[in-house]
Amino acid sequence: MARGDLLKKLFSSFKHNDKENFYKIANEIIEDERKKNHGILADELRMILFNGNSTYKNTLNTMKPVVPKDVDKDVSLVEVVYPDKYFVDLVLPQERKVFLESIIREFRNWDILVSNGVFPVRKILFYGPPGCGKTIAAHVIACELGIPLLYVRFDAVVSSFLGETASNIRKVFDFAKKDNWVIFFDEFDAIGRSRDDFSEHGEIKRVVNTFLQQLDNFKGRSLIIAATNYEKSLDYALWRRFDEILKFDLPTPEEKLKLCELSIKRFKGPVQVFEQYLGEMENFSHSDIDKMCQIIMKQCILEGRKMFTKHDVEYAVRKQASIVKMRKTSY
Ligand SMILES: Nc1ncnc2c1ncn2[C@@H]1O[C@H](COP(=O)(O)OP(=O)(O)OP(=O)(O)O)[C@@H](O)[C@H]1O
Ligand SMILES: [Mg+2]
């Protein structure tokens, strides 16, 4: 059990509505239990803290820790997110699902692996075209692990001031050390652009070096995930740093149909008709399918219907297909 002094501090912070301290002490208790080798209890406490019933979650959502900021722009460098997406919300090829499940399993068994001299997978790179599930997969991992997602905002981290980007990266890692997260570096290419790219000046080299240093020295009990659409522009030294690399692709026809079913599930209607439009959905990403289904649902809601029709599907497919076409030609 947690030490009496910690429990007293916890109660007192709750009574004084000191949310920040409550959150901090609750985490201390969890870590205390973990040190005593009560890994399962620690995981369960963490689940309750971030992933339990909605009342708890809603209360604790307001207890967000103070996050680091970019001094010049005065914007937060990271965002603490409590995702609510699970494996059932994901449509992925079986082998990729198995892969993600194995990462979760290793993370959950951190103590037993480390005490036997091996480390769980801690650094993963996701790459692939836009809208194919990199971000949502990171959300699912955090949610299934019952830990928050630390979303690293690249627009904030990258500064026009010399030396400031590297300093921001250090701040992000210093903050991340304090707790357990799924640390998600989105649009990673912004930081990882090749050091050999001769069009770049010295700053990008310094930035990549700082990132590599921080990554190598990071000892936190967190899972680091970086995501990019531009894997080719990534520095080779960065590729090497990841324990695992996972590619995300456009959905197969079967996956498209599964996604349609999943996205439209709140409405009744002839789901089999989606199959007739697979040809027009050829270049659709997962996200395009989701958006297409939102068009259908909006039509139904605005017309007060609980059922969609073949006509709704046809309209939505064509509308989304024209967006996809425009996107393709504008690249
Ligand atoms: N594999 C998937 N299964 C179910 N839904 C998905 C999947 N991939 C994407 N989606 C849907 O598309 C939306 C956008 O996907 P997501 O943000 O994960 O794409 P991304 O690969 O991160 O794209 P980007 O490279 O633009 O950041 C999700 O919120 C979800 O609704
Ligand atoms: Mg994304």
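In this predicted model, Asp290 has a polar side-chain atom 3.4 Å from an oxygen atom of ligand 1. Two other contacts of the ligand are listed with it below.

| Residue | Atom in the residue | Atom in ligand 1 | Distance |
|---|---|---|---|
| Val91 | backbone N or O | nitrogen | 2.8 Å |
| Asn229 | side-chain N or O | oxygen | 2.6 Å |
| Asp290 | polar side-chain atom | oxygen | 3.4 Å |

Taken on its own, ligand 1 has 620 Å² of accessible area, and the protein covers 78% of it. The ligand has 17 residues around it. Those that come nearest are Val91, Gly131, Lys134, Thr135 and Asn229. Val91 and Asn229 thus appear both in this group and in the table, Val91 through its backbone and Asn229 through its side chain.

**The largest pocket**

Asp290 also belongs to the lining of the largest pocket, whose volume is about 720 Å³. This lining has 31 residues, and Asp290 is among the closest to the pocket centre, together with Asp89, Ile136, His286 and Ser287. Four elements give two or more residues each to the lining: the helices α7 (134-145), α13 (253-263) and α14 (286-302), and the strand β7 (223-228). Of these, α14 provides the largest share, with six residues.

What is the make-up of this lining by class? Twelve of its residues are nonpolar, nine are polar and ten are charged. In terms of domains, at least three lining residues come from domain 2 (69-247) and at least three from domain 3 (253-330).

**The second largest pocket**

The second largest pocket has a volume of about 400 Å³. Its lining is made of 17 residues, and Tyr23, Lys24, Asn27, Lys178 and Asp179 are the closest to its centre. Helix α2 (residues 19-35) supplies six residues, the largest share of this lining. By class, the lining divides into nine charged, five nonpolar and three polar residues.

Where does the second largest pocket lie with respect to the domains? Residues of both domain 1 (4-58) and domain 2 (69-247) are found in its lining, so the pocket lies between these two domains.

Domain 2 (69-247) therefore takes part in both linings: with domain 1 (4-58) at the second largest pocket, and with domain 3 (253-330) at the largest pocket.

Notes:
Residues are numbered from 1 along each chain as its sequence is written. Chains are lettered from A and ligands numbered from 1 in the order in which they are written. This is a predicted model: local features need pLDDT of at least 70, side-chain atom pairs count only at pLDDT 80 or more; totals for chains, interfaces and linings use all residues. Side-chain values use heavy atoms; hydrogens and water are left out. On a 1 Å grid over the protein atoms alone, a cavity is a set of points where a 1.4 Å probe fits but cannot get out, and a pocket is an open set with protein on both sides within 12 Å along at least five of seven lines; lining residues have an atom within 4 Å of a point. Grid points are joined across faces, edges and corners, and a volume is the space filled by probe spheres set on the points. Ala, Val, Leu, Ile, Met, Phe, Trp, Tyr, Cys and Pro count as nonpolar, Asp, Glu, Lys and Arg as charged, and the others, Gly among them, as polar. Domain bounds come from an automatic or database domain assignment. A residue is near a molecule or strand if one of its heavy atoms lies within 4 Å of it. A polar contact is a pair of N or O atoms within 3.5 Å; within protein, one must be able to donate a hydrogen and the other to accept it, and residues adjacent in sequence count only if both atoms are side-chain atoms. Accessible areas come from the Shrake-Rupley method with a 1.4 Å probe; for residues, only the protein chains shown count as cover.
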